[in-house]
Amino acid sequence: MTVTEDLSRARGELFPLLLGYIPAQVAHALARLAVADRLADGPATAERLAARTGTHAPSLYRLLRAAASLGLVTLADGRFELTGTGQLLRAGVPGSVRNLVLLFAGEPVWRSWGRLEHSVRTGETAFEHLHGTNSFGYFAAHPEEGAVFNEAMAEHTREVAPDVVTRCGLAAPRRIADLGGGNGTLLAAFLAAHPGATGVLHDTASGHRDAERVLTGAGVRDRCEVVTGDFFASVPGGCDTYVLKSVIHDWDDDAATRILRRCREAMTPAAALYLIEPVVPVDPAGLPAAGGMLMGDLNMLVCTGGRERTEAEFGALLAAAGLRLDAVTPPADADNYSVLRASPGATG
């Protein structure tokens, strides 16, 4: 390969990265403007869609034409139609990622990523620097955007929950506590798999605001207690199984250790704690395959002040909280989540 050919190849690899924000905003606009939902009834022209969405028809045509180049819609005889991928931008369909798109390409997170350089220079959380509060405080204070955040987390959890429940391998749990469990999507999956168990859903009032609907819809509300609380202050006792999914990575080491200490204080000697988190590979050869979790790690830097961690780093956090890392079950093919099982260790 000549120098010119090598340069051309390198530019061809770099430019899609440089322009990667554009497809994200195309998907966001289709979701935000409910264009994808309006196409649920079948193919339509840009003019018809514009009338139904209150948009400028020529500009909407250009958006949809760009979406066709991304495989989100097709164009034939002047009418646009959703593809299988584009269907996932609709609300309420199986596998929907609409709220994930609204969250990650929406204004609060979008603007924070524009301050990535600030986080790298200072180690500070760009979201807090920009908005004057951390992401959890922001979403609690902005109910509409908070609802998007909550449902986005549930959308992702809904897809991975069956596999996560299987890989936790609970034998005969008596009482399962899902800490920071949002609307109860994961806890509902655990309770469905273990009909003899009861559950405790523990989160802030804004975090579990939709739990009644989710737990009732899953048919497990009568076996679940919903507790409003702060896991930095205390964790419900009386459970033999504690679950933290996508919680520890939201926080720096000091805050994460405080959460784990509250868990340790609540646990009996026979109780077990399950962390459902990505585990960063140590071997540099594994980094290309870990691209998704490494981008997630930067998202923690920008938006929450947390981080993704290696197995050794998780072990150190648990030890500092009086817990022992017993086993790590690696991710399934479909997701980046490992299951880390911990038990009470020596205290003092």
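This short presentation concerns the open sheet of this structure, with attention to strand β6.

Please bear in mind that the model is a predicted one. The UniProt annotation, from an unreviewed entry, places "domain: O-methyltransferase C-terminal" over residues 113-323. Within residues 113-323, 47% of the chain is helix and 14% is strand, and the C-alpha atoms at the two ends are 35 Å apart.

I turn now to the sheet. It is open and has seven strands, in the order β5-β4-β3-β6-β7-β9-β8, with mixed pairing. Because β5 (224-228) and β8 (323-329) each have a single partner strand, one side of each is left without a neighbour in the sheet. From one strand to the next, the twist averages 20 degrees.

Let us consider β6, residues 241-245, and its partners. Strand β6 runs parallel to β7 (residues 272-278), to which five bridges join it; there, Y242 stands opposite L273 of β7. With β3, strand β6 also pairs in the parallel sense, over three bridges, and V243 in β6 is the bridge partner of D178. From β6 the chain passes through helix α15 (residues 253-266) to β7, in a right-handed β-α-β crossover.

How many of the five residues of β6 are buried? Five of the five are. In a regular strand the side chains alternate between the two faces of the sheet. In β6, T241, V243 and K245 lie on one side, Y242 and L244 on the other, and all are buried.

Finally, helix α13 (residues 185-193) lies across β3 (175-179), β4 (198-203), β5 and β6. Its direction is at about 170 degrees to β4.

Conventions:
Residues are numbered from 1 along each chain as its sequence is written. This is a predicted model: local features need pLDDT of at least 70, side-chain atom pairs count only at pLDDT 80 or more; totals for chains, interfaces and linings use all residues. Side-chain values use heavy atoms; hydrogens and water are left out. Two strands pair if DSSP finds at least two bridges between them. Helices (H or I, at least four residues) and strands (E, at least two) are DSSP runs, numbered from the N terminus. Axes are lines fitted to C-alpha atoms, for helices over the stretch in contact, and angles run from 0 to 180 degrees between N-to-C directions. Contact means heavy atoms within 4.5 Å. UniProt positions are given in the numbering used here, feature names are shortened, and annotations may be inferred rather than shown by experiment. Buried means under 20% relative accessible area, exposed over 50%, partly exposed in between (1.4 Å probe, protein chains only). A crossover is right-handed if, with the strands pointing away from the viewer, the path from the first strand over the helix to the second runs clockwise.
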